[in-house]
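I opened a new page in my notebook for this one. Here is what I looked up, in the order I went through it.

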Amino acid sequence: MEIDLPDVVTYLQDATDQEGMQRLFDQHQIKQFDLILSDMAPDTTSNANLDALKSIDLIERVMRIVDAYLMPAGQFVFKVFM
Ligand SMILES: C[S@@+](CC[C@H](N)C(=O)[O-])C[C@H]1O[C@@H](n2cnc3c(N)ncnc32)[C@H](O)[C@@H]1O
């Protein structure tokens, strides 16, 4: 399905690749976000403990971006996959 949103730009990037994330922000001169929204969830395995750890890792990645890039009074929402 294609949705025409003229003011929306999308990039694909592995959030666990910290250097890749930094490069993406630098290349596109992204300094701040007013909203950070994450619906990331790990690919599940048959091991619930491993899935929970992978989910926590993704949340920590998002929190790093929030700490570094969320503007004052900005908002963030993320999914906690359990
Ligand atoms: C529940 S789906 C979200 C679907 C999305 N909201 C949509 O409507 O298409 C979880 C998403 O997390 C993404 N994801 C998982 N690990 C990721 C990572 N390390 N970096 C970026 N995205 C990741 C997956 O690619 C998947 O698209």
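**Strands first**

I began with a single pair of residues: Leu 35 stands opposite Gln 75 in strand S2. I kept in mind that this is a predicted model.

Next I asked how S1 and S2 pair, in the parallel or the antiparallel sense. I found that S1 and S2, the latter covering residues 70–78, pair in the parallel sense over 5 bridges. To get from S1 to S2 the chain passes through helix H2, residues 48–69, and I noted this β-α-β crossover as right-handed.

I then checked how covered S1 is. Of its 6 residues, 33–38, the number buried is 0, so S1 lies largely in the open.

**The whole chain**

I stepped back to see the order of the elements. The chain has 2 helices and 2 strands, and from the N terminus on they run α-β-α-β.

For the extent, I noted that the C-alpha atoms fill a box of roughly 40 × 35 × 25 Å along the principal axes. Of the 82 residues, 1% count as buried.

I also looked at contacts along the sequence. Among those with a separation of 6 or more, 62% join residues 24 or more positions apart.

**Helix H1 and the loop after it**

H1 takes up residues 18–27, and I wrote it down as hardly covered: the count of buried residues among its 10 residues is 1.

After H1 comes Gln 29, which sits in the loop between H1 and S1. Its phi is positive, near 50°, and Gln 29 is a residue other than glycine.

Is Gln 29 buried or exposed? I found 6 C-beta neighbours inside 10 Å, so Gln 29 counts as exposed; the cut-off for exposed is 12 or fewer.

**A second positive phi**

I marked Ala 73 too, since my notes on phi were still open. Ala 73 is not a glycine, yet it has a positive phi of about 70°. This residue lies in strand S2. Ala 73 is exposed, because 6 other C-beta atoms lie within 10 Å.

**Around the ligand**

Which residues surround the ligand? I listed Asp 14, Ala 15, Thr 16, Asp 39, Met 40, Ala 41, Pro 42 and Leu 58.

Sorting the shell by character, I got 5 nonpolar residues, 1 polar and 2 charged.

That closes my page for today.

Terms used
Residues are numbered from 1 along each chain as its sequence is written. This is a predicted model: local features need pLDDT of at least 70, side-chain atom pairs count only at pLDDT 80 or more; totals for chains, interfaces and linings use all residues. A residue is buried if 20 or more other C-beta atoms lie within 10 Å of its own, exposed if 12 or fewer, and partly exposed in between; C-beta atoms are placed from the backbone. Helices (H or I, at least four residues) and strands (E, at least two) are DSSP runs, numbered from the N terminus. Two strands pair if DSSP finds at least two bridges between them. A crossover is right-handed if, with the strands pointing away from the viewer, the path from the first strand over the helix to the second runs clockwise. Two residues are in contact if their C-beta atoms, placed from the backbone, lie within 7 Å. A residue is near a molecule or strand if its C-beta atom, placed from the backbone, lies within 6 Å of it. Ala, Val, Leu, Ile, Met, Phe, Trp, Tyr, Cys and Pro count as nonpolar, Asp, Glu, Lys and Arg as charged, and the others, Gly among them, as polar.
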